[in-house]
Amino acid sequence: MISILIADDHPIFRQGLALSLGEAEDFELYAEVGTAEEAYRSTVELKPDLLLLDLSMPGGGQSVIAQIVRDAPDTHVVVLTASEDSVDLSDAIGAGASGYIVKGVGGRTLINILRDIRHGQHYITPSLASRVLGELAQGSATGEDKDPMARAQRQRLEALTPREREIMALVATGCSNRRIAEEVGIQEKTVKHHMTRILAKLKAANRTEAAMQFRDFEETAGEA
């Protein structure tokens, strides 16, 4: 039997997915959860063969992939998402996911894909894989980053607004939120709001990690 845990915050989708997987006699549903925290906790406790993980759930599915791969190494993490963003794909595979499937795939097709992943294969939705390979080829031709992880990180940093870059420049020098508020001329709570958005954009665990990313980015840009 192939044991499965479904992590998605939409009950109707979870129920439909469970019904589809129930058509396969060799699949056993261990549990259904709706948040990233529950996905991590349940996977570590139950140790299913496969975790079907949505990205856009409370807590962010992307944020727990690496932790699950580390703490439940025998579980194959399979991202099942509506996102066709190449950065999301790069981040998920880089964190250790065994598969990246875009929602909309048929039930029988999904079952066959999951069987293959359970037996050690990796899978990315073909249309998305083709597009990402095209982007990499174009980047190589124009001299851009060949490393998809480095390219994804650069894209996230470039997505910062001018105000967010201004704040990160001060964070990188070790300024506190209060000091940043004084320097920029905004309220401290506004700085905290900006930092929350910055950490989410950079997928950084804390301001120190964000500062390191920003310094590396600025140094690279300066050299260019």
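These legends go with several views of a predicted model.

**View 1. The whole chain, by the numbers.** Here's the overall inventory: 11 helices and 6 strands. The chain runs to 224 residues, and 41% of them count as buried. Its accessible surface is about 11,700 Å², with 50% of that belonging to carbon and sulfur atoms. Take the contacts between residues at least 6 apart in sequence: 64% of them join residues at least 24 apart.

**View 2. The open sheet and its edges.** Reading across the sheet, the 6 strands come in the order β2-β1-β3-β4-β5-β6, with parallel pairing. Which strands stand at the edges? They are β2 (27-33) and β6 (123-124); each has a single partner strand, so one side of each has no neighbour in the sheet.

**View 3. Strands β1 and β3, with helix α2 on the sheet.** Zooming in, β1 (residues 2-7) pairs with β3 (residues 50-53) in the parallel sense, over 4 bridges. Look for Leu 5, which sits opposite Leu 51 in β3. Helix α2 (residues 36-46) packs on the sheet and touches β1, β2 and β3. The direction of α2 makes about 140 degrees with that of β2.

**View 4. Where helix α1 meets helix α5.** The axes of α1 (residues 11-22) and α5 (residues 107-118) come within 9 Å and cross at roughly 70 degrees. That crossing makes α1 roughly perpendicular to α5. On the α1 side you'll find Leu 17, Ser 20 and Leu 21; they meet Gly 107, Leu 110, Ile 111 and Leu 114 in α5. By type, the residues of this contact split into 5 nonpolar, 2 polar and no charged.

Technical notes. Residues are numbered from 1 along each chain as its sequence is written. This is a predicted model: local features need pLDDT of at least 70, side-chain atom pairs count only at pLDDT 80 or more; totals for chains, interfaces and linings use all residues. Side-chain values use heavy atoms; hydrogens and water are left out. Helices (H or I, at least four residues) and strands (E, at least two) are DSSP runs, numbered from the N terminus. Buried means under 20% relative accessible area, exposed over 50%, partly exposed in between (1.4 Å probe, protein chains only). Contact means heavy atoms within 4.5 Å. Accessible areas come from the Shrake-Rupley method with a 1.4 Å probe; for residues, only the protein chains shown count as cover. Axes are lines fitted to C-alpha atoms, for helices over the stretch in contact, and angles run from 0 to 180 degrees between N-to-C directions. Angles under 35 degrees count as roughly parallel, over 145 as roughly antiparallel, 65 to 115 as roughly perpendicular and the rest as oblique. Ala, Val, Leu, Ile, Met, Phe, Trp, Tyr, Cys and Pro count as nonpolar, Asp, Glu, Lys and Arg as charged, and the others, Gly among them, as polar. Two strands pair if DSSP finds at least two bridges between them.
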